[in-house]
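Colleague: I would like to learn how to read a model of this kind. Could we take it feature by feature?

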Amino acid sequence: MAFPGRNAVRKQGGMAQDMVKYCPDDRWAWVEIDLDAVRENTRAFKSHLEPGVKMMCAVKADAYGHGAVKCTKAMHSAGADQFAVATVAEGVELRKAGITWPILMLGQPPIEAINTILEYDIMPSVYSTEFALAYGERAAALDKIGRYHLAIDTGMTRIGVLPEDVVEFRHMIDFHRGIRCAGTFTHFATADVVGDWDFRQQARRFTTAVQALKEAGYETGLVHCDNTPGTVLHPELHNDMCRVGIGLYGLHPADTTVKRIQLKPVMSVRARVTRAIYPAVGEGVGYGLTYRIPTPNIQIATVPIGYADGLARSLSNRMDVLVHGRRARQVGRICMDQFMFAVDTSKLGYRPADPVQEGDVVTVIGTDGDERITADETARLRDTINYEVTCNFGMRLQKVYV
Ligand SMILES: *Cc1c(COP(=O)(O)O)cnc(C)c1O
């Protein structure tokens, strides 16, 4: 059979065939990132905020796998004010790409990284006096002011100063002329649960701690606590700024936000079939031969995406893909760089029964015709959350911005 070139794309059912135009030259697998959807989602959140409330976008982990530089620029063009990263390297990447807007690191970096964060103007989250004072010393030596956000642990038990210690904490570091508090924040463990007692307790502890800091005469900077579900479900806690993450990528953090904001998924994952054959009945597929051809007319197609691209091996024999606008079952174990799927050509009702060919476009996440596979569907099968699914697909596949 002739190997079809990129122009020799067959027109069949579904719409994904048109997406072959995004296929990179060197690999028949890619991630499509819809930057218009990023901008639309950003505006959707902005419209939930009172005028004057700032929006900080979480672009950590390469923007949840979507590409931090491009997403940051798209979000800013749609009205976002500040950006949040998880690591020093993520902040440096944005700065090296020419991004000048405020960047907060959602963690306290190692003391050894202080020179770098001062050089690149990355604000740390702070919760240890040792770090705060080292930061102040270095900043003062460079004739700079090290701006930071004070993290308060109101009940997530992850990072931050305990609420009862915040005033004393500020007392121990505020004498230093090299540092300045630009923000005070906490993070909720259960913001997606409506009417949750623990959430209310965290909110109460945060409000009380902020109040105590103000009464003691300390500058709090921007006060912020709401993440995506908090922003949507708890507008009374927007304060000076909201920190939105997953929603910007068009995904809901939980069912509770679905009816409250309209979002458009940003990421699609696609590939082209590299081979399609009709094995004999009884032949096996993949490592361990965990799938055997049960009947004649089963076609097995190979796709060049594997677990090293973020397609979890635990999905083996359990997930579907879309081809020609229809679902097909993935079969055999997912390999590091490839997987196979089965098409029962006796069921399709086309003649000649040859539904999949080399070069045809397969959708792993996204829409093809009337069918759609969401990151939520994949997450459910993997027993995880949509956040992890998109982060994982960001690992190795080339991103194409559309
Ligand atoms: C990741 C993160 C966010 C954003 O969370 P989403 O659920 O994606 O909106 C906000 N704040 C902190 C501290 C985070 O780590």
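Modeller: Start with a residue and its neighbours, leaving aside those up to four places away in sequence. In this predicted model, Gly-178 touches Gly-136, Ala-139, Ala-140, Lys-144, Ile-145 and Gly-146.

Colleague: Where is Gly-178 in the secondary structure, and is Gly-178 buried or exposed?

Modeller: Gly-178 sits in the loop between α7 (166–173) and β7 (179–186). Gly-178 counts as buried because its relative accessibility is 0%, and the cut-off for buried is under 20%.

Colleague: How far apart are the C-alpha atoms of Gly-178 and Ala-379?

Modeller: Those C-alpha atoms are separated by 45 Å, and the two residues are 201 places apart along the chain. For the whole C-alpha trace, the spans along the principal axes are about 80 × 45 × 40 Å.

Colleague: Which residues does Cys-225 touch, and where is its place in the chain?

Modeller: Cys-225 belongs to the loop between β8 (222–224) and α9 (228–233). Leaving out residues up to four places away in sequence, Cys-225 touches Thr-186, Phe-188, Phe-206, Leu-237, Asn-239, Met-241 and Arg-243. Its relative accessible area is 0%, so Cys-225 is buried. From the C-alpha atom of Cys-225 to that of His-76 the separation is 20 Å, with their positions 149 residues apart along the chain.

Colleague: How should I read a buried polar side chain? What does the side chain of His-324 contact?

Modeller: Look for a partner among the side chains. A polar contact of 2.9 Å joins His-324 to the side chain of Asp-360. His-324 is in the loop between β15 (320–323) and β16 (326–331), and counts as buried because its relative accessibility is 4%.

Colleague: What about a helix? Which residues of α3 are buried?

Modeller: The general idea is that an α-helix has 3.6 residues a turn, so residues three or four places apart point the same way. In α3 (residues 68–77), the buried residues are Ala-68, Val-69, Cys-71, Thr-72, Ala-74 and Met-75.

Colleague: What covers the buried residues of α3, and what follows the helix?

Modeller: The cover includes the strands β1 (29–33), β2 (54–58) and β3 (82–85), along with the helices α1 (35–46), α2 (60–64) and α4 (88–96). Gly-79 follows α3 and has a positive phi, near 110°.

Colleague: Now the ligand. How many residues surround the ligand, and which are the closest?

Modeller: There are 13, and the closest are Lys-60, Tyr-64, Thr-228, Ile-246 and Tyr-387. For polar pairs, read the distance from a ligand oxygen to an N or O atom of a side chain. That distance is 2.7 Å for Lys-60, 2.6 Å for Tyr-64 and 2.4 Å for Thr-228. On its own the ligand has 390 Å² of accessible area, and the protein covers 93% of this.

Colleague: Which totals describe the chain as a whole?

Modeller: Begin with the secondary structure, which comes to 12 helices and 20 strands. Of the 402 residues, 54% are buried. Among contacts between residues at least 6 apart in sequence, 67% join residues at least 24 apart.

Colleague: And the surface and the charges?

Modeller: The accessible surface comes to about 17600 Å², with 50% belonging to carbon and sulfur atoms. The chain carries 46 positive and 47 negative side chains, and the centres of these two sets lie 5 Å apart.

Notes. Residues are numbered from 1 along each chain as its sequence is written. This is a predicted model: local features need pLDDT of at least 70, side-chain atom pairs count only at pLDDT 80 or more; totals for chains, interfaces and linings use all residues. Side-chain values use heavy atoms; hydrogens and water are left out. Helices (H or I, at least four residues) and strands (E, at least two) are DSSP runs, numbered from the N terminus. Buried means under 20% relative accessible area, exposed over 50%, partly exposed in between (1.4 Å probe, protein chains only). Contact means heavy atoms within 4.5 Å. Accessible areas come from the Shrake-Rupley method with a 1.4 Å probe; for residues, only the protein chains shown count as cover. Lys and Arg count as positive and Asp and Glu as negative; His and the chain ends are not counted. The place of a charge is taken as NZ of Lys, CZ of Arg, CG of Asp or CD of Glu. A residue is near a molecule or strand if one of its heavy atoms lies within 4 Å of it. A polar contact is a pair of N or O atoms within 3.5 Å; within protein, one must be able to donate a hydrogen and the other to accept it, and residues adjacent in sequence count only if both atoms are side-chain atoms.
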